[in-house]
Amino acid sequence: MFRRFAVLGFALAASIAHAAYPEHTVTLVVPFPPGGGTDTGTRVIAQKLSQKWGQPVIVENKPGAAGLLGADYASKGKPDGYMLMMGNVGTQSINPTLYGKKMTYDHDKAFVPVTLVAELPLVMLAGPATPVKTPKEAIALAKSQPGKLTYSSSGPGGSMHLAGALFEKASGTDLLHVPYKGGGPAIADLIAGHVDFSFATLLESSGHVRSGRLRAIAVTSDKRAPTMPEVPTLAESGLAGFNTGSWIGLVAPAGTPKDIIEKVARDVHEVVNAPEVRQQLLDQGAIPVGSTPAEFAALIDADRKRYGQIIRDRNISAD
């Protein structure tokens, strides 16, 4: 009888401890350099969570190897809720297929999903030297010059690259992929006229579109972007069912208590949907969401299957 009450007592104590979470600093690991879409969105969330929780929420950048270095670091964090990672479609859904056995941690066992924070729609862009304004014109031009028109990306196997590969498959075109070491150089060479197209997040491209340095041909999501409502989707422009893009979301080291995961998910949902935060994210080109852990897990799995298939079909490698 005493043992039974002791066990119940320990369980109650643990529950009370978790209910007080967080009691000190929470670290959000970003496996990418400062300034990108994942980092920018994380800093907005970190500031507001810190205000809500009354505890510091700091962002720790651990860039390198397409997010692998930071993810490896975060996977080894203590599973107590005080280290979380802001992953994205690359780290959670693309890298497991793209890198496979080269990964230094077991992706299937390393993390548990917490919440989808925001969607980052991609936009198909044309450079100043490319004489097209609509998806139909882009497809017609590409079909007239198979294998000659180019599109830039942030690197092999990233969301920009896979968006281009999906566009080729859906439109029956043959483009030449030109990988760069990051989205910044990929966009810079598009502006300079060294490549014909690119597929980039609204965060990276909206300023260049507004200034006239680039032309937005279409967004790749299934709905028009709130910050570019005049730009059609590829789906409504003739590529029925076309839907791809990026997203950011929090994951936690495996073993993190379920009640902490659920609390973080609820609080993030509340934060990202607060009017001032929502507008801030929309202004950056992100669409705030906030989801349950189960909903986020389903998205990660669906995108892993979808992008894994295109990686295998087109024999895409990280090299």
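How many nonpolar, polar and charged residues make up the lining of the largest pocket? Keep that in mind while you load things up, and remember that this is a predicted model.

**Stop 1: the largest pocket**

Start by selecting F32, N88, S154, G182 and G183, which lie nearest the centre of the largest pocket. The full lining runs to 37 residues, around a space of about 880 Å³. Now colour helix 2 (37-53), helix 4 (89-99) and helix 7, the elements that each give two or more residues to this lining. Helix 4 has the largest share, with seven residues. And the opening question? Colour the lining by class and you get 15 nonpolar, 19 polar and three charged residues.

**Stop 2: the second largest pocket**

Next, pick out E119, S221, D222, N243 and S246, the residues nearest the centre of the second largest pocket. Here the space comes to about 320 Å³, with 17 residues in the lining. Strand 4, strand 9 (245-253) and helix 12 (293-313) are the elements giving two or more residues to it. Helix 12 gives the most, four residues. By class, you should find six nonpolar, five polar and six charged residues around this pocket.

**Stop 3: a closed-off space**

Rolling a probe the size of a water molecule over the atoms shows where empty space is left. With a cut-off of 30 Å³ or more, one cavity is counted, and the largest cavity holds about 40 Å³. To see its walls, select G37, G41, L120, L203, I248, L281, Q284 and A286. That lining splits into five nonpolar and three polar residues, with no charged ones.

**Stop 4: helix 8**

Go back to G183, which you picked at the first stop as one of the residues nearest the centre of the largest pocket. G183 also belongs to helix 8 (residues 183-191), where it is buried along with A186, I187 and L190. Look down the helix axis: these buried residues fall within an arc of 95°, so they line one face of the helix. The spacing fits a general rule. An α-helix has 3.6 residues a turn, so residues three or four places apart point the same way.

What covers that buried face? Show strand 4 (111-126), strand 5 (150-153), helix 7 (159-171), strand 7 (197-201) and helix 9 (202-211), which are among the elements over the buried residues of helix 8. Before moving on, click G193 just after the helix, where phi is positive at about 85°.

**Stop 5: aromatic rings**

Across the whole structure there are six aromatic pairs. Zoom in on Y21 and Y82: they sit edge-to-face, 5.2 Å centre to centre with 65° between the planes. The two come from distant parts of the chain, 61 residues apart: Y21 is in the loop between helix 1 (2-19) and strand 1 (26-30), and Y82 in the loop between helix 3 (68-75) and strand 3 (83-88). Are these tyrosines, Y21 and Y82, buried or exposed? Both are buried. Add W53 to the selection, and you have one aromatic cluster of Y21, W53 and Y82.

For a last pair, select F167 and F199, which are tilted, at 5.8 Å centre to centre and 50° between the planes. F167 lies in helix 7 and F199 in strand 7, so the pair ties together parts that are 32 residues apart in sequence. Both elements should already be on screen from the cover of helix 8. F167 is buried at a relative accessible area of 1%, and F199 is buried too, at 0%.

Definitions and conventions:
Residues numbered from 1 in each chain as written. Predicted model: local features only at pLDDT ≥ 70, side-chain atom pairs only at ≥ 80, totals over all residues. Heavy atoms only, no water. 1 Å grid on protein atoms, 1.4 Å probe; cavity = no way out; pocket = protein on both sides within 12 Å on 5 of 7 lines; lining within 4 Å. Points joined across faces, edges and corners; volume = space filled by probe spheres on them. Nonpolar A, V, L, I, M, F, W, Y, C, P; charged D, E, K, R; others polar. Buried < 20%, exposed > 50% of the residue type's maximum accessible area, 1.4 Å probe, protein only. Arc of directions from axis to C-beta. Contact = heavy atoms within 4.5 Å. Phe/Tyr/Trp six-rings, centres within 6.5 Å; stacked < 30°, edge-to-face > 60°.
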